[in-house]
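Hi,

Here is the structure I promised to send over. Have a look at it first, then read on for my notes.

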Amino acid sequence: VSAYLSPYFHNTGDKDCAIETGQRALAIAMASKDFALEVMATFFLGVLYISLGDYRQAVHYHRKNVETLTGEWLHERFGEAGLPSVFSHAFLSWGLAELGEFAEGMVRGEEAVRIAETTVDQPFTLSHAYLGVGLLHLRKGDLPQAIAVLERSLGVCQAGDIQFVLPWVASFLG
């Protein structure tokens, strides 16, 4: 419950409760050795720190998932609408872009796209992968490439009626 309360509080603007419940969920996951809960609590904390502008902390959490979600775990959904491995790669790319660490960010973003493109019928996942790479190009100042990748994400969002990702993509394209 704490893991999913964290994004709830995040989305309703109560960042302190979001951090508290996210940290509680992570502690419970580690104490109980619940791998799926640890992955999701780690991911939600990383997203929270992106929104707070604490990119180093965001990178810490997303890198942890990227390093953990390998092999058979790359395509595990853990009950989610998409692949947490791709989400973590994409948000790691985003955090690295904000820190100006473009080389590693590109590697992580391209990994997200590669994983997402090998997954059948996962537009939600694919839209995130393109978003991460598109934002990296945008922060790097490579506008033609950013526009091309973000337009791919936009197309996936429109075709799949993915309202969750659409505002990010549209604002970055703007």
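Below is what turned up, grouped by region. Keep in mind that this is a predicted model.

**The pocket**

Let's start with the largest pocket, which holds about 360 Å³ of space. Its lining counts 19 residues, and Pro7, Phe43, Phe44, Val47 and Phe164 are the ones closest to the centre. Four helices each put at least two residues into that lining: α1 (2-11), α3 (35-52), α5 (84-98) and α7 (123-140). Sorted by class, the lining has 13 nonpolar residues, five polar ones and one charged one.

**Two buried residues in helices**

Thr42 sits in helix α3. Thr42 counts as buried because its relative accessibility is 0%, and the cut-off for buried is under 20%. What does the side chain of Thr42 reach? The partner is the backbone oxygen of Glu38, at 2.7 Å. If you set aside the neighbours within four places in sequence, Thr42 is in contact with Leu26, Tyr61, Lys64 and Asn65.

His128, in helix α7, makes a nice companion piece. His128 has a relative accessible area of 4%, so it is buried too. A polar atom of the His128 side chain lies 2.9 Å from the backbone oxygen of Phe124. Again leaving out neighbours within four places in sequence, the contacts of His128 are Phe87, Ala90, Phe91, Phe164, Val165 and Trp168. You'll recognise Phe164 from the pocket, as one of the residues closest to its centre.

**The loop between α4 and α5**

Two residues here are worth a click. Glu76 is in the loop between α4 and α5, and with a relative accessible area of 34% it comes out as partly exposed. Its side chain reaches the backbone nitrogen of Phe78 at 3.2 Å. Beyond its neighbours within four places in sequence, Glu76 is in contact with Leu83 and Pro84. The C-alpha atoms of Glu76 and Ala36 are separated by 9.5 Å, with the two positions 40 residues apart along the chain.

Ala81 is in the loop that joins α4 (55-68) to α5. Leaving aside neighbours within four places in sequence, Ala81 is in contact with Gln122 and Phe124. Phe124 is also the residue whose backbone oxygen lies 2.9 Å from the His128 side chain. From Ala81 to Asp14, 67 residues apart along the chain, the C-alpha separation is 24 Å.

**Positive phi**

Most residues other than glycine have a negative phi. Which residue in the loop between α2 (15-32) and α3 should you check, then? That would be Lys33, with a positive phi of about 55° although it is not a glycine. Lys33 is exposed, at 73% relative accessible area. Asp161 is another non-glycine with a positive value, its phi being near 50°. Asp161 lies in the loop between α8 (143-160) and α9 (166-173) and counts as exposed, at 55% relative accessibility.

**Cysteines**

How many disulfides does the structure hold? Zero. As for Cys17 and Cys157, Cys17 is partly exposed at 26% relative accessible area, while Cys157 is buried at 1%.

Send me your thoughts once you've had a look around.

Cheers

Notes:
Residues are numbered from 1 along each chain as its sequence is written. This is a predicted model: local features need pLDDT of at least 70, side-chain atom pairs count only at pLDDT 80 or more; totals for chains, interfaces and linings use all residues. Side-chain values use heavy atoms; hydrogens and water are left out. A disulfide is a pair of cysteine sulfur atoms within 2.5 Å. Buried means under 20% relative accessible area, exposed over 50%, partly exposed in between (1.4 Å probe, protein chains only). On a 1 Å grid over the protein atoms alone, a cavity is a set of points where a 1.4 Å probe fits but cannot get out, and a pocket is an open set with protein on both sides within 12 Å along at least five of seven lines; lining residues have an atom within 4 Å of a point. Grid points are joined across faces, edges and corners, and a volume is the space filled by probe spheres set on the points. Ala, Val, Leu, Ile, Met, Phe, Trp, Tyr, Cys and Pro count as nonpolar, Asp, Glu, Lys and Arg as charged, and the others, Gly among them, as polar. A polar contact is a pair of N or O atoms within 3.5 Å; within protein, one must be able to donate a hydrogen and the other to accept it, and residues adjacent in sequence count only if both atoms are side-chain atoms. Contact means heavy atoms within 4.5 Å.
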